[in-house]
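Let us take a friendly walk through a structure with two chains, one stop after another. Have the sequence and the model at hand as you read.

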Amino acid sequence: MKQKTSLIVAIVSGLLMLGALFFQPYTAPTLALVLNWLIILSSSALLAGIAGLVVNHLGFILKARKGCLYSLVLLISFFATIIFGIILGVDNPDFLQGLSAILLPMQTALMALIALVLMSAAIKLFRQRGWSILTVSFAVSALLFLFLNLGFVRFDSNPALQNFVAIIQGLPMIGARGLLIGVALGALLMGLRVLFGQEASDE
Amino acid sequence: MTTTNIVAMGIVALTIVVMAIVWLANRKGNPESLENIPAYDAVDALIHRSSEEGRELMLGLGDGLSGLNGSLGDSISLTIQRIVLSRSVFNDRATKSFSGDGALANISQLVIKGAYENALAPELFYPQDNQLSGPGSLAWMAGLLPQISHSENASLILSGALLPEQFLLADIAEQNDIPFVIASGSPLAQAAFFVSSAPLTLGEDYYLPSFGKLNQKNYQNSAKTMNWLRIILAIGLIVAAILKFSGVLP
């Protein structure tokens with residue numbers, strides 16, 4: 001019964017929100033209010049999650065688990081950020097500059113690393129997945145669009161050819177739209193299954 | 001009411017009607033069943049592997065549920081977690097889950113607790129088997145990276161809202177010879193992870209989780225509904241294009 005009550009509450013709230021979404025702008029104030037509730041609830045959930053994270057990493061340090069040095073670094077950075085944030089205030093320019101000085105270089109380095117890793121993985125594509133229509137078309141289209149979008153190939157003197165290149169350049173967008181329609185259908189179906197309680201049913 | 005809202009309402013109504021028809025058709029008799037998505041069947045193999053090797057199965061649940069992290073909120077990763085746990089509660093080593101969103105971490109905790117309670121083994125549930133590895137996508141990835149190379153880890157399932165940047169996780173798993181499966185609904189992530197060696201879901205396959213004989217009823221209903229919707233939408237788009245080119249539509 002307890003499970004059914006929560007399911008009924010979820011279904012009714014879901015249907016109400018779906019209805020409210022369709023009948024905007026009449027329902028806009030209600031939607032804004034519910035969105036605020038969502039933000040408050042999500043923030044509380046995040047706090048609970050962070051508390052769990054801190055407790056877990058404290059446990060790793062106390063048990064001297066392999067890799068507990070990472071946990072120590074995490075906890076030191078976490079508490080340092082909280083303490084400085086409370087003392088200086090989250091809008092303090094020095095505090096923000098300090099955070100940026102750490103975060104920006106790290107994120108930039110991470111992105112550079114990811115770019116290199118992705119490039120090396122793309123080179124290994126045929127070894128990993130073999131020669132198939134999918135891999136060949138993936139490689140050919142990736143190379144073609146990278147080359148076209150670099151902007152070196154221009155046909156200013158030939159408008160017909162320029163139009164043709166523009167059509168080719170639009171192909172990824174067409175493909176992405178097709179893919180997105182499929183993904184949106186899947187998401188819609190999943191949402192409706194949740195709304196009708198089918199997703200909760202165990203087999 | 002705007003035209004967009006009317007079209008959206010029409011699509012939702014159409015989906016509900018098709019869902020109902022498929023559900024009714026599947027209730028009677030023994031309808032022809034569709035094959036599982038290969039990536040999800042690979043998950044089944046990973047569950048067996050971790051069980052046989054007596055090592056951990058890792059679940060990366062992504063960072064999207066509340067939709068506040070800039071990625072489309074979805075609950076498929078939780079469905080995957082529920083199905084995986086229904087098979088792996090009695091493994092020698094508990095399945096570990098890592099989330100990148102506070103709400104996701106909390107609900108995932110409930111899913112794990114529910115799985116152990118359903119298996120009548122609530123004493124085997126430990127809250128630390130489910131962790132928030134970082135708030136946000138990059139923090140989630142940073143928290144997950146050292147866990148992947150852990151020696152007790154047998155296999156990895158990355159599901160949910162993923163970013164192309166998280167390809168680093170796949171690279172680390174490959175370097176450590178850890179078999180893994182990618183299940184994401186993000187087309188960008190699908191394109192990035194395609195260059196890895198792992199089985200992955202392409203397009204809307206992600207929304208059809210079914211491992212072996214698990215979740216078959218839900219899968220069959222969803223897959224058939226989606227097939228019919230695709231056909232109807234394709235016909236609708238073609239008709240709209242013809243009407244547009246013939247000047248009937250402005």
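In chain B, 53% of the 250 residues are buried, where buried means under 20% relative accessible area, exposed means over 50%, and partly exposed is in between (1.4 Å probe, protein chains only). Before going further, a word on what you are looking at: this is a predicted model, in which local features need pLDDT of at least 70 and side-chain atom pairs count only at pLDDT 80 or more, while totals for chains, interfaces and linings use all residues. Residues are numbered from 1 along each chain as its sequence is written, chains are lettered from A and ligands numbered from 1 in the order in which they are written, and side-chain values use heavy atoms, with hydrogens and water left out.

Chain B contains eight helices and five strands. Helices (H or I, at least four residues) and strands (E, at least two) are DSSP runs, numbered from the N terminus. If you follow chain B from its N terminus, you meet the elements in the order α-α-β-α-β-α-β-α-β-α-β-α-α. Its C-alpha atoms fill a box of roughly 65 × 45 × 35 Å along the principal axes. The radius of gyration, taken over C-alpha atoms, can be set against a globule rule of 2.2 Å times the number of residues to the power 0.38. For 250 residues a compact globule would come out near 18 Å, and the 20 Å of chain B agrees with that.

Contacts add to this picture; a contact means heavy atoms within 4.5 Å. Among contacts in chain B between residues at least 6 apart in sequence, 73% join residues at least 24 apart. On the outside, chain B exposes about 10600 Å², with carbon and sulfur atoms supplying 63% of it. Such areas come from the Shrake-Rupley method with a 1.4 Å probe, and for residues only the protein chains shown count as cover.

A few residues of chain B deserve a visit. B:Ile11 sits in helix α1 (residues 3–27) of chain B and is partly exposed, at 32% relative accessibility. Its C-alpha atom is separated by 9.2 Å from that of B:Leu233, although their positions lie 222 residues apart along the chain.

Next come two residues with a particular backbone angle. Most residues other than glycine have a negative phi. B:Leu120, however, has a positive phi near 55°. B:Leu120 is found in the loop between α4 (102–118) and β3 (130–132) of chain B, and it is exposed, with a relative accessible area of 75%. B:Asp177 is not a glycine either, and its phi is positive at about 55°. Look for B:Asp177 in the loop between α6 (167–175) and β5 (180–183) of chain B; with a relative accessible area of 65%, it is exposed.

Now turn to chain A. Chain A has seven helices and zero strands. Its radius of gyration is 26 Å, well over the 17 Å that the globule rule gives for 203 residues, so chain A is more spread out than a compact globule. The C-alpha trace of chain A spans about 65 × 50 × 45 Å along its principal axes. Of its 203 residues, 20% count as buried. Residues 24 or more positions apart account for 29% of the chain A contacts with a separation of 6 or more. The accessible surface of chain A comes to about 14200 Å², and 76% of that belongs to carbon and sulfur atoms.

Finally, there are spaces to explore. On a 1 Å grid over the protein atoms alone, a cavity is a set of points where a 1.4 Å probe fits but cannot get out, and a pocket is an open set with protein on both sides within 12 Å along at least five of seven lines; lining residues have an atom within 4 Å of a point. Grid points are joined across faces, edges and corners, and a volume is the space filled by probe spheres set on the points.

The second largest pocket holds about 1800 Å³ of space. Its lining has 42 residues, and A:Leu74, A:Ser77, A:Met106, B:Ala139 and B:Ala142 lie nearest its centre. Helix α3(A) gives the most to this lining, with twelve residues.
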